[in-house]
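Biologist: Could we go through this model together? I should like to begin with the sheets and then turn to the interior.

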Amino acid sequence: MATWMTRLRDRLPAGGGLRDEDWEGRHRLLTVLLAVCMVLLTVFGVFRAEHPADLLIIDGLLLPFLVGAVRLDNRRARSIVVALGFAVASAGFVALCHGLTEAHFSFFIAVAALALYRDWAPFGVFLAATVLHHAGFGVTEAGHTFGHHQAQMHPLVWALLHGVAVLAAAGFHVIAWRLTETEEQRAQENLDDSQAQLGVAFDETPVPMAMFAPDGRILRINPAYRAWLRLPDRLPDGFRVADLPLAPVDETETSLMRLVTESREPTNVTRQYRRADDGSLIWVQTHATGLRDRNGRLRLVLAHCIDVTATRDHEAELRYQVRHDSLTGLLSRQAFEHDLALLLESSAEPVGVIYLDVDRFKSINDGAGHGTGDDVLRALAARLAQVVPDGALLARLAGDEFIAALPGPSGTGLRVGNGILASLAGPLAVGGSELPVSVSIGITTAFSGMPAEEVVLAADTAMYAAKRAGGNRLQVFTENLRVPVRERIAAEGRLRRALSGELRVTLPLWFQPVVTTATGRIAGAEALVRMRTPDDEILTPYHFIGAAEETGLIVKLGEHVLRSAVDHLLHWSDRLGYVSVNVSPRQLAEPDFVPMVAGVLAGVPGLDPSRIVLEITETALLASTVDVSERLASLKRLGVRIALDDFGTGYSSLTWLKSLPADIVKLDRSFVAGLAGDPRKASIIQAVLWLAHSLGMSTIAEGVEEPSDWEALRAAGCPAVQGYLFSKPLPAPAFDRMLLASHERATSDGVHLNETTGTVLAG
C-alpha cells in the first residue's frame, strides 16, 4: 500500500516551485481577473437578479476574498482566497443564470485559471468548493443550480456528473502541470550542467575573466583575475570597475563599458594602465562581449583580460632594433632615409646633411682588432651626439660611416660640421686609453621636395672629395664634385664590358723596356695595361684602376694582364728575356691568387716560370691582410720571380729587403733623379746595390730620364735600368719593332743614344 502511494505521489506534480517574482505575476493576474468577474457579475446581476439581496450576497462574499488576495502575507493563503473567490463567482454566475447548463462552464474556466498557481492548495480548495456547491446547492436550491427538469428531479446524479466533468478537466490540467514540471526539471538539469561547465571554464581558465553589470558592478571574477590584480578572496558589496587597482594612462580614451554598451559586436581593445599598488605600467588586451536580452537590453558584460606587457615590450624592442643601429644606438640607414624624406617634406627651412667617414679606420681594425674598432665607433657616436643639436637626425649608415640631418638657416650644416672637426681635435677614450681619430666630412644643403636619396648621395660625394684630399677635413658639395664620380662610374662600366669580352672596349698591354747597363740590350719589359674605348681613345690606368680596386674587378683585371703578358712573352720568346706584371694588394690578399698563377703557368708547359716577374710594392705589403712571406714563398715554389717595386718609399724598406724572398729590387725614381749631381744619393745607391748583391738579388733603377743619371748608374754597377730615357710605354706592335732593332744592332762595343727614337741601342 505504501509503495503504491509512493508511486502515485511520484507521478503527481509536486506543486510550488515558482520563483517569487513569477508567482507574484500570476497571482496579480488572477486577482485582477477575480475583480473583473466581480464587476461583471454586479452589472449582470442588476439585470438578471430576481432579488437585490442575491446580488448583495454574491458581492458580499467576493469582496473579502479580493481584500484577502491583496492584503494577506502568506503566499498560499492568498492563493486559497483567490480560489474560493473564483468558486463563489462561478456559483453566483450559475445562480443568476438560474442553473443554465452553459453557465457551469465557468467552473471549467476557473479550474484552468487556478492551474497557473501550480499549487495543490488553491487547486484542491476550488475542486472541493465545486463539489460542495453542486451537491449542496443542487439539493437545496435545485432551481438555481440546474436549469432543466431532469437535473432538478435527480440533483445528486447531476451533481456527480458535473463533479466528474470538472475533475476530468482538472485531471488534464494536473497532467499538463506534471509534464511541465518534468520538462522544467529536465531544462533545469541541462541548465545546471551548462552552468557547471561554464563555472569550470570560468574558474579554472588561466586567463583573467570577469562579469560586470551594465552599471559597472563586478558580478563575478575568476581566480586568475583575482591573482592578476591581487584582489581579496571576497570583494566588498557593490565593488565596481572604478574600484579596481588599475588606472588608464590615457584618461581621454572612451571607457570600455561605454564601448560595449554602444556596440552590439564584441569589443577588443588594448590599452595601457598603471597599477595602483606599485605604480608599474602594463598593457592589457581586453575582449569584452555584451550579453543582451530579447529586447536588446544589456544584461551583463563578460570580459577576458590578457596582460600583453611582455609582447608589447618585445614589439617595441623589435621596432627599436629596426630603426636603430645595434652597435651605437643611433638611427639605422633605413630609419634615417625614411625620417629624412619626411623632414624634407615638412620642413620650411633648408636641411643641412652632414656625411662623415673615419679616416684609416681599416688600420684601426687591423692593428688593434675589431673589438677596438667597435669601441671607436661607439665613442665616436657618443661624441657626435654631444655636438649635433637636439632634434637632429643622427645615424650610422654602415661600417665607419655616419650621417646627420638638421633643419636650419643656410650654413647650419657647415657650422655643425666644423664643430664635429673641432670636437675630434682631442683623442677618443677607448678601452681605458686615448686614441686619436680623424674624419672626412661632406656637407650638402637640401630643400623641400628634393629626393632623400639624391641628398645623401650629394653629401657622400662631398665626403669622398674630402677623403681624396687627405682626410681630416670638410668639403661642401658642389656640382663639380659629381664629375669624378660620374667618371668613376663610367670607368667601372667600361671595365666590366672589357672584361666580359666586348670587342668595342679592349684592355691592351703596353710595354716599357728594361735595359741592361752592360750591353744596352733590352733584357725584359714591364707590362702596363691600357683601355681602348669605342672611340679608339687610349686611357691610362689612372682612369680605371681606382674603380677596379673599389669594385674588386682588379682581381679579374690582374688575371687578364698576366695571361696577356704570357701570350706576348711567348710571341717574343727568342728576343725578350722576361716580362713583369704588377700585383695589387687586393690581388695578393685573394686566396685564389696563387692557384690562378699556377693555372696560367700550367697552360704553357714549355715556358720557363722564371721569365715571369711579379712586381709587388711596399704599399701592397703593408696593406695586405695575409701572411706576405708565406704567400710569396708559395709563388716562389711555382718558379716565378718576385720584384720589390718602388723600393725606398716606405718606412721599413730594409726590413722588407731582409725578410722577403724577393729576386729583384726596383729602386724608386726619387733615388735616381739627379743622381749624377747628388753624392748622398750616390752613396745610398751604392749601399743598396751592395746589400742586394749580398742577398743574391738583382737591381733595376726606375725613372731614368737623363743621360747623366744613366752614366752614373753604369758607373755604380747597377745591372739594369728603366725609364723615359730609353722609351715610354709602347703598344705591342711598336715595342715589337723596338725589340727587333735592339736585337739586331746590339754589339759588345758600347751603346749610343738614338736621337730619333730616344732609345739606347747597341752602337
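Modeller: Certainly; please bear in mind that this is a predicted model. One place to begin is an open sheet of 6 strands, ordered β2-β1-β6-β5-β4-β3, in which the pairing is antiparallel.

Biologist: Which strands stand at the edges of that sheet?

Modeller: The edges are β2 (218–221) and β3 (246–248). Each has a single partner strand, so one side of each lacks a neighbour in the sheet.

Biologist: And by how many degrees are neighbouring strands turned against each other on average?

Modeller: The average is 35 degrees, with direction ignored.

Biologist: How many bridges join β5 to β6?

Modeller: There are 9 bridges between β5 (residues 281–292) and β6 (residues 298–307), and the two strands run antiparallel. Within this pair, G290 stands opposite V301 of β6, and T286 stands opposite C305 of β6.

Biologist: What lies between the two strands?

Modeller: β5 and β6 form a hairpin with 5 residues between them. In the turn, G296 has a positive phi of about 85 degrees.

Biologist: What about β1: how many bridges join it to β6?

Modeller: β1 (residues 209–212) is joined to β6 by 4 bridges, and these strands run antiparallel. The bridge partner of F212 in β6 is V301, and V301 also stands opposite G290.

Biologist: Which strands does helix α12 lie across?

Modeller: Helix α12 (residues 309–323) lies across β4 (267–275), β5 and β6. Its direction is at about 125 degrees to β5.

Biologist: Let us move to the sheet that contains β7. What is its strand order?

Modeller: That is an open sheet of 5 strands in the order β8-β9-β7-β12-β13, and its pairing is mixed. The edge strands, β8 (393–398) and β13 (473–476), each pair on one side only. Neighbouring strands are turned by 20 degrees against each other on average, direction ignored.

Biologist: In which sense do β7 and β12 pair, parallel or antiparallel?

Modeller: β7 (residues 351–358) and β12 (residues 439–446) pair in the antiparallel sense over 8 bridges. I354, for example, stands opposite I443 in β12.

Biologist: Which strands does helix α13 lie across?

Modeller: Helix α13 (residues 333–346) lies across β7, β8, β9 (401–407) and β12, and runs at about 140 degrees to β8. Helix α15 (residues 370–387) also packs on the sheet, where it touches β7, β8, β9 and β12. The direction of α15 makes about 10 degrees with that of β9.

Biologist: I had marked S423 as well. Is it buried or exposed?

Modeller: S423 has a relative accessible area of 18%, which is under the 20% limit, so it counts as buried. S423 is found in helix α16 (residues 412–423). Leaving aside residues up to four places away in sequence, S423 touches R383 and V387.

Biologist: And Q686: what is its relative accessible area?

Modeller: The value for Q686 is 41%, and the residue is partly exposed because that lies between the 20% and 50% limits. Q686 lies in helix α27 (residues 679–694). The C-alpha atoms of Q686 and G717 are separated by 8.3 Å, although the two residues are 31 residues apart along the chain.

Biologist: Now the interior. Which residues have the most contacts inside the largest nonpolar core?

Modeller: They are L557, I612 and L614, in a core of 74 residues. Helix α20 (residues 553–571) supplies the largest share of this core, 8 residues.

Biologist: What does L557 touch?

Modeller: Not counting residues up to four places away in sequence, L557 touches L495, L499, L507, V529, F544, I545 and A548. There is also a second, separate core of 38 residues, and A83, F123, F126 and W177 are among its members.

Biologist: Lastly, the overall figures: how many helices and strands are there?

Modeller: The protein chain has 29 helices and 26 strands. Of its 763 residues, 44% are buried. The chain exposes about 39500 Å², of which carbon and sulfur atoms supply 57%.

Biologist: What part of the contacts with a separation of 6 or more comes from residues 24 or more positions apart?

Modeller: Such residues account for 62% of those contacts in the protein chain.

Key:
Residues are numbered from 1 along each chain as its sequence is written. This is a predicted model: local features need pLDDT of at least 70, side-chain atom pairs count only at pLDDT 80 or more; totals for chains, interfaces and linings use all residues. Side-chain values use heavy atoms; hydrogens and water are left out. A nonpolar core is a set of buried Ala, Val, Leu, Ile, Met, Phe, Trp, Tyr and Cys residues joined through side-chain atoms within 4.5 Å. Buried means under 20% relative accessible area, exposed over 50%, partly exposed in between (1.4 Å probe, protein chains only). Contact means heavy atoms within 4.5 Å. Accessible areas come from the Shrake-Rupley method with a 1.4 Å probe; for residues, only the protein chains shown count as cover. Two strands pair if DSSP finds at least two bridges between them. Axes are lines fitted to C-alpha atoms, for helices over the stretch in contact, and angles run from 0 to 180 degrees between N-to-C directions.
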